[in-house]
Amino acid sequence: MEMKELQEFYADMHIHIGRTESGLPVKISGAANLTFHNIAREASQRKGIDVVGIIDCHSPGVQAEIDSYLEKGEMEELEGGGIRYHNTTILLGSELEVKEPGRGPAHFLVFLPDLRSMKAFTVWLSGVMKNVQLSSQRIYVSTRKLQQEAESRGGILIPAHIFTPYKSVYGSAAERMSELLDVERLLAVELGLSADTEMASYLPELDGLTFLTDSDAHSLSKIGREYNRIRMAEPTYKEFVLALRNRDGRGVTGNYGLNPRLGKYHRTYCAACGSIVDEAELSTERCFYCGSTKIVRGVMDRIKDIADRQAPIVGAHRPSYHYQVPLEFLPGLGPKLLDKLLARFGTEMNILHRAPLEEIAETAGASIAGMIGAARGGALQVDAGGGGTYGRVRVDDRKG
């Protein structure tokens, strides 16, 4: 049997659908133009993302659109799982919320190999949730039952944005993932926008799991805000699962995520008045400014609260975590200038990774080229986010 050559692919595995093309709501907080087709086109033509996970494919309205594009021949189902559109493979996923008794809610991603299995999953979901048309809805079964249902259909379950203060395993539901799931059967977890590999490595129960960094995009521009570099023989569901298992040379070879300080939940803040609590006073239980006790612990603080280790131990098997700043975060790089860069270099992935900096400077100026160069080296200086507000790139102190 001929062995296929392994290649590197860029993948963003957490993208929402805002509406169907007929106007039916899917993710209420998602942009109206965030449709299945528009996501595929944006990823393929503008972003240069090879694999995207669209995580609202359990919605019957979305499935009807997929059927339509398959029938018209504009998309095709792949033998190894997934749907192909031009230069991008779409893996079919679903984000679901589970709230165990006495615990806060947590979100989970389920990926299935093909549309047929996703439709069967929808039939099951319709009996355990109130509105199967919508995204991220609560299902009234245990997390282990959801894990079992996904695996029985040839799918996988991945805990989503595991450290965020709201609706995540560690942020709101448990101090140990094993309290909710069979960790031995998990393949991967999603770190979320306010955490990186080093932060997650305080917890030994994550040592054997692959880390994913995804955008959780609620608009087209946010696709690729975080992403992964994955070594596979081809961009299919089957190869993706092999990569998560680190089998036969496959694997995640790079995580590209925001510097955690750019995440909107990095620092502890007061939910009553929105003030960020001084990082030097991490033990505070009361807001210095308004006196409220509604303190939301930042991601790093939460990790240290539940950590088994005094210092992180990053396994030798872990790929590099790159502090990748999305182009839209760069001061002075507006839509018109970005369009000029795209016209010259093709896709955002080309601009971020491949285009020579001197050629970027010819199109966008030395300042923008310098910031992109600093971003490639993880050297951009940032101000921390908190209180639901993203951090910012610090223009005056940037390096490069």
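Colleague: By class, how many nonpolar, polar and charged residues does the lining of the largest cavity have?

Modeller: Good place to start! Keep in mind that this is a predicted model. The general idea comes before the case: rolling a probe the size of a water molecule over the atoms shows where empty space is left. Here the lining of the largest cavity has seven nonpolar residues and two polar ones, with no charged residues.

Colleague: Which residues line the largest cavity?

Modeller: You can pick them out above: Asn-259, Tyr-323, Val-325, Ala-374, Ala-375, Gly-378, Ala-379, Leu-380 and Val-382. The volume of this cavity is about 30 Å³, and the structure holds one cavity of 30 Å³ or more.

Colleague: Let's turn to the core. Which residues of the largest nonpolar core touch the most other members?

Modeller: The general idea is that, in soluble globular proteins, nonpolar side chains tend to be buried together. In this model the largest nonpolar core has 101 residues, and the ones that touch the most other members are Phe-36, Leu-146, Phe-163, Met-177 and Leu-206. Helix H12, residues 366-376, gives this core its largest share, six residues. Apart from that core lies another, of 22 residues, including Phe-9, Leu-91, Leu-212 and Val-252.

Colleague: What does Leu-206 touch, not counting residues up to four places away in sequence?

Modeller: With those sequence neighbours left out, Leu-206 touches Ile-162, Phe-163, Tyr-170, Met-177, Val-189, Ala-200, Phe-211 and Arg-318. Try showing these side chains together in your viewer.

Colleague: Now the cysteines. How many disulfides does a search of the whole structure find?

Modeller: Zero disulfides are found. To count as a disulfide, two cysteine sulfur atoms must lie within 2.5 Å. Cys-270 is in no disulfide, and its nearest cysteine sulfur, that of Cys-290, is 3.7 Å away.

Colleague: Is Cys-270 buried or exposed?

Modeller: Cys-270 counts as buried because its relative accessibility is 0%. Cys-57 is buried too, with a relative accessible area of 0%.

Colleague: One last feature, the backbone angles. Where is Lys-167, which has a positive phi although it is not a glycine?

Modeller: Lys-167 sits in the loop between strand E7 (156-159) and helix H5 (169-173), and its phi is about 60°. Its relative accessibility is 36%, so Lys-167 counts as partly exposed.

Colleague: And what is the phi of Asp-216?

Modeller: Phi of Asp-216 is near 50°, again a positive value in a residue other than glycine. Look for Asp-216 in the loop between strand E9 (210-212) and strand E10 (227-232).

Note on methods:
Residues numbered from 1 in each chain as written. Predicted model: local features only at pLDDT ≥ 70, side-chain atom pairs only at ≥ 80, totals over all residues. Heavy atoms only, no water. Core = buried A, V, L, I, M, F, W, Y, C linked by side-chain atoms within 4.5 Å. Buried < 20%, exposed > 50% of the residue type's maximum accessible area, 1.4 Å probe, protein only. Helix = DSSP H or I, 4+ residues; strand = E, 2+ residues; numbered from the N terminus. Contact = heavy atoms within 4.5 Å. 1 Å grid on protein atoms, 1.4 Å probe; cavity = no way out; pocket = protein on both sides within 12 Å on 5 of 7 lines; lining within 4 Å. Points joined across faces, edges and corners; volume = space filled by probe spheres on them. Nonpolar A, V, L, I, M, F, W, Y, C, P; charged D, E, K, R; others polar.
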